[in-house]
Each structure stands twice: as structure tokens, then as C-alpha cells.
Amino acid sequence: MRPPSAPIDAADAAPHAAHAGERAAYARLVRRRVLIVAGLGALMVMALLFDIATGPSNLPLAEVVSGLVNPAGLDAPSRVIIWEVRLPTALMAVLVGTALALAGAEMQTILNNPLASPFTLGVSSAASFGAALALVLGVSLPLLPADWNLPAFAFLFALGSVLMLQAMANLRGTGVETLVLFGIALVFTFNALVALVQYVASQEALQQLVFWSMGSLSRASWGKLGVLALVTAAVVPFSLAAAWRMTALRLGEDRARSFGISVKRLRFFSLLRVSLLAATSVAFVGTIGFIGLVAPHIARLLVGEDHRFFLPASMLAGAVIMSLASVGSKLIVPGALLPVGIVTALIGVPFFMVLIFSRRERM
Amino acid sequence: MVPHLTIEGLSVVYGKRPIIDNLTLPPVAGGGVTALIGPNAAGKTTLLRALAGLVPARGSVRLGHIGPTAPIVHPIELTRLPISQHARHVTYMPQALPQRVALTVFEATLSALMSARSDRVLSQTQAQARALEVLERLGILDLSRRGLDELSGGQRQLASLAQSLVREPTVLLLDEPTSALDIHHQMRVMQLVAELARERSIIVVIVLHDIAQAARYCQRIVVLEQGLVAADGPPEQAITPEMLARVYKVEARVEPCSQGFLQVIVDRAV
């Protein structure tokens, strides 16, 4: 029904030189971003290989590469080290980094809050509480193998916490600020509940719980890896399909709605994706707080907030940091494997600082 | 075909407080600019948001087209449309501008076209061409590569206007689009909006604080007071010392300047 739209500038029917210039500039910008994302991908592959090569018995990178391409060419001990021990852990690091970073990036956008992440809004605390119940009270779910019981509990509680956020979001008149406050309230509630469980726990259970909550990749197995890979692979296409809508949401909620976007729907499905990603990751590796918060910030500094680039860059940045943290967890104390949750911040903060300061100089 | 917007018995209620109270307006016609003025908390923004489908409202908002023969052709009841279809006819430019956004002016304008499903028929190239045309028309083509965060308040307002115009709506709703602009840019934006309304015969409803500006550029003035229409008509009819005393609580003179445009000289608050 819209009136025939004459070209806005009738005098300039022919393609304008200034327009061509702007178009070329935008094409260059897009190309640069694609290159940055590709660069992060290459960095991730290198970090992954480095992670596999690092450990009590160091393997040369060349051997790692040839061992991955052609496992039959390896001697038996190296094959076990690479394929049974190092590869599941290293891939877990990459996948967890990817999943947590994507969850954080989506949360920061839909809640319009740069401090939002699965960790700051209670998902990890809820998972810890689930894990605490399973460990300390010895509750178990039927039909599950023993070593899946704890992840299952952590998952259910993490999922539950995001669904509670979700329910809040659907209450009429609830703004995003309220939602963020509610998430913070969840953090304190679940932390208090965990402390309560710890207080009544036996010495042994307490130790296990503390270790679990530090976050560790050593519990990785091909089975758990498969589950996380499946969840991530199922979620990512939907995230990318929502990229333009999330970009528009950055311009403000009213603005986005007046472009025809149902923000409520967008938020609902995004939180659903976040809950799956965060709950699955935290269930398998424990509390890892830093990635979901900082990887999106790194991506934002590198490629801006066009979500077609911002989301992939966040995922890859998360994977790189997590992978390097895994390397660090093996190198910092020689001969010992530190819980990776301790190392992520130590590895990530300097990386982040360098970016922030280099950015400021350019502006 | 000239579009007409008819508002009948429109009410918006927050909690128990009615913000817009059973408001009815004679049809707003395309081709001209209608100003929405009134004191603080009169319900101007709420009315605009209700017309944009952003707040739940009771009553009827119909968009029809008057052709050369038929009176009103296929009126659309806007209040019943889902937001995705609503946004094909109506675009709202909010007063609040986004903060800390890592997007360039061009990207933001592009996202106004690429994010809505109903607009996916546009190719990237077409969308880019349309975005550049609008930026040029607003005189901010040179800002297209700049980040929104690097802009001044006024430049950001122009960028926001570009995001609305690029959607080529039939009904353009602007909430104080000139509040952060210097005089030069205020004039440019008002002239441009008036030109666009005429050229494409679209409906423009604009919330303004500056009454003289409203009188100069708008063919029709609607004065709101506590959710009700206090005056409605061409500037000479709507803007009177009596209205200013009643609605704005000021003692003021309304006098034409040497070029015939109405000027409001406020003497004191009453």
C-alpha cells in the first residue's frame, strides 16, 4: 500500500561517485572483518594443536599434526596420549570456550548489559548448587551412568535458573534492568544455598565439591564431548539466523520493534539458546566464569557489533582463550594440572588489557 | 492515492492510570506534517508509541487511502496487526538514542532494512543503495563510516532519523527529532520532513516542544493535555493565547512575524 517511491534524490538517478566510494569502503570493512574472523579461527587451530602437544610428556607439534592426520603412523603410547588423553580435553576446551562465549554474547545483547554473562546472572551458581546436591546428599537420577549423574544435576539446575529468568522476562512490565537484577539475586541465592550444603557436607564431599566448582577439563570424555558438540551445533545456526535482528536490537528496544522485530520472541529464543549452551558447558566442566564475559568484549573491539561477525568472533575468541588457558593450566606449575577455571582469568585478562589499551591509542 | 490515518476512541492505560483517554481525531491526511504539542506528561510520547504499536491500546487506529473516486480504500486496522506487519506501514523514531553501540552510521541504517523479515525481499545491494540515498538526503553521507559512539548528540539524532526514513514508511512518527540539534540542523530537518511528506504524500506526526517551529512547518497542530485533545486545527486556530493560558499555564501573545509566521511571546507563567 505504500505510495510509489520515487528515488529520494531525483537529480541523481545515475550511480553517484560518493555512493560508489561508500559502498567500496563498506565492502573493505566487511572483508577486513571476515579476515579477522578467519584469523581468530587460525589462532584457535594453533592453540588447539599447542594444547595437544603440551603435557607431562611433551610431543613435538609435527608429531601431533601427523598423529591427528594419520593415527596408524603413531607408536602405541603416543597414540594413547594424543587420542585418549589430550584430544578430548583439548577439544572440550575449544567447545566450552565457544559455547560460553556465544551464551555471553547473546546475553549481553538481549539484556543490553555489557556485564551480563552466564556466570554473572546465576547460571553457574545454579549449576554448582545442583552439583552440590548430587555430591553431598548423594541424590541420583535413575537410568543414568554414575559419572553422568553430577553433570545431569548441574544441567537441570542451570537450565532451571535461566528458565526462571525467562519467566521474569515474560512478566508484563519487566524491563531488562529488572532482569539483570533478578539474575544477580539468583547468584546470591544459589551461593548461599551452596554454602549451606557445604556446611553440612562431609570432609570428602566438600573437597570434591570445591574441586568441581573450580572448573576442570580433566573430566572430558568422548561421550560428553559429543553431547556438547551436538548442543552447540544445534544452537549456532539459530543464533546466526538472528544476527541482523540482534544488531538492530543494539539500536534500542523501541527502535528494533518499530523495524518490525518481535523483541519478546527474540529474547525468549535467545535465552533458550543461552540456557542450553551454558547449562551443558557448566555441567561438564564446572564453573568457568571469565569466558562468557570477556570473549564478547574482545570480539566487539575487533569487529564491532554487526552480529554476523560479532557472534562468530565471540565464539572463536572464547575458544582461543579457553584453549590457551588449558595450555596454561599444564605449564604454570610444572608436573601439576591446575583446574582450568583458575587459569582462564589469568590468561584472559592480559590479552583483554592489551586490546583495550591498543584500542584507546587508535581513537 | 493519499493515505489517511483515523484514530477513534484510543485509550492507553498504565496500571489504572489512563495516559490516553478515549482519544478521537479527525483523519490525519498524508502530504503534510502534523505536530503533537503539549506540556510535560500530556501523553505525547505515549500516543506516538500507541500509533506505532509499541504499547497495548484499546480503540481503533485505521490506515486507509483516499483515491480519486472512492472515499476510503481498504482501511487497515493497525491495532490488530502483529508488529512485523505494523512496521511495514509505520515507523517510530524514539527520543532516546542508543548509548555505547559499536556500529557505524551506515551499518545501523542498513540494519533497519535487513533485520525485518518482511524486508528480506531487498537484496544487500538494494538495501545499501537505499541507505546511502537517505544518508545523502540528510546530509550525513560523510558520517556513514563513523561509529555511532563518535557522533555528537545532533549527529546521532540525524543518524536515527536516517534509520526511520530508510524504511520508507507510509506513516512516519517522530518523537522530538530536533531536540539535540542546533538551529541550522533544526531547520534542515524540519524542511526535509515537510518536503518528504509532500513528495511521497506520507503522513508525518511529530512531537515538538518549540511551538513557533510547529506553527511554521506543520499544517496541523494537535494540542494534548492529560491524554485528551485540548485543541486541533491549523496553527492559527490551535495556537491562541487562551489555549496557552489553559494548557501551558502561561500568559503569552501570539503574533505573526513580518513573514506571516506565528510567533509565541511568553510574558509570564500564571
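Which residue forms a salt bridge with B:Asp232? The partner is B:Arg220, and the closest N and O atoms of the pair are 2.9 Å apart. B:Asp232 lies in strand S10 (residues 228–233) of chain B and B:Arg220 in strand S9 (residues 220–225) of chain B, so this salt bridge ties together parts that are twelve residues apart in sequence. B:Arg220 is buried, with a relative accessible area of 15%, while B:Asp232 counts as partly exposed at 27%. Please keep in mind as you read on that this is a predicted model.

**Salt bridges within the chains**

A search of the whole structure finds 19 salt bridges over all chains. Three pairs are set out here.

| Pair | Closest N and O atoms |
|---|---|
| A:Lys330 and A:Asp51 | 2.8 Å |
| B:Asp232 and B:Arg220 | 2.9 Å |
| B:Arg268 and B:Glu251 | 3.0 Å |

The salt bridge of A:Lys330 with A:Asp51 links distant parts of the chain, with A:Lys330 in helix H13 (residues 307–331) of chain A and A:Asp51 in helix H1 of chain A, 279 residues apart. A:Lys330 is buried at 17% relative accessible area, and A:Asp51 is buried at 0%.

In chain B, B:Arg268 pairs with B:Glu251. That salt bridge links strand S12 (residues 262–269), which holds B:Arg268, to strand S11 (residues 250–256), which holds B:Glu251, and the two residues are 17 residues apart. B:Arg268 is partly exposed, with a relative accessible area of 48%, and B:Glu251 is partly exposed at 37%. Back in chain A, a network of salt bridges links A:Arg250, A:Arg300 and A:Glu305.

**Where the two chains meet**

Chain A brings 39 residues to the contact and chain B brings 55 residues. About 4,300 Å² is buried between chain A and chain B, with carbon and sulfur atoms giving 55% of that area. Between the two chains there are three salt bridges, and 14 residue pairs are in polar contact. Helix H1 (17–53), helix H9 (243–249) and helix H10 (253–258) of chain A are the elements that each give two or more residues to the side of chain A that touches chain B. The largest share of that side, ten residues, comes from H1(A). By type, the residues on that side divide into 13 nonpolar, nine polar and 17 charged.

One of the contacts across the chains is a salt bridge between the side chains of A:Glu22 and B:Arg145 (3.2 Å, N to O). Another involves B:Glu107, found in helix H3 (residues 105–114) of chain B. The side chain of B:Glu107 makes a polar contact with the side chain of A:Arg33 (2.3 Å). Beyond its sequence neighbours within four places, B:Glu107 is in contact with A:Tyr26, A:Leu29, A:Arg33 and A:Asp306. B:Glu107 counts as buried because its relative accessibility is 2%.

**Buried places to look for**

In strand S6 (residues 90–93) of chain B, B:Val90 and B:Tyr92 point one way, B:Thr91 and B:Met93 point the other way, and all are buried. S6(B) runs parallel to strand S7 (residues 171–175) of chain B, and four bridges join them. Opposite B:Met93 stands B:Leu174 in S7(B).

Helix H1 (residues 44–51) of chain B is mostly covered, with seven of its eight residues buried. After H1(B) comes B:Gly53, whose phi is positive, near 80°.

In chain A, A:Ser239 is found in helix H8 (residues 222–241) and counts as buried at 1% relative accessibility. Apart from neighbours within four places in sequence, A:Ser239 is in contact with A:Leu102, A:Glu106, A:Met246, A:Arg273 and A:Leu311.

Methods: Residues are numbered from 1 along each chain as its sequence is written. Chains are lettered from A and ligands numbered from 1 in the order in which they are written. This is a predicted model: local features need pLDDT of at least 70, side-chain atom pairs count only at pLDDT 80 or more; totals for chains, interfaces and linings use all residues. Side-chain values use heavy atoms; hydrogens and water are left out. Contact means heavy atoms within 4.5 Å. Buried area is the accessible area (1.4 Å probe) that two parts lose on being put together, summed over both. A salt bridge is a side-chain nitrogen of Lys or Arg within 4 Å of a carboxyl oxygen of Asp or Glu. A polar contact is a pair of N or O atoms within 3.5 Å; within protein, one must be able to donate a hydrogen and the other to accept it, and residues adjacent in sequence count only if both atoms are side-chain atoms. Ala, Val, Leu, Ile, Met, Phe, Trp, Tyr, Cys and Pro count as nonpolar, Asp, Glu, Lys and Arg as charged, and the others, Gly among them, as polar. Buried means under 20% relative accessible area, exposed over 50%, partly exposed in between (1.4 Å probe, protein chains only). Two strands pair if DSSP finds at least two bridges between them.
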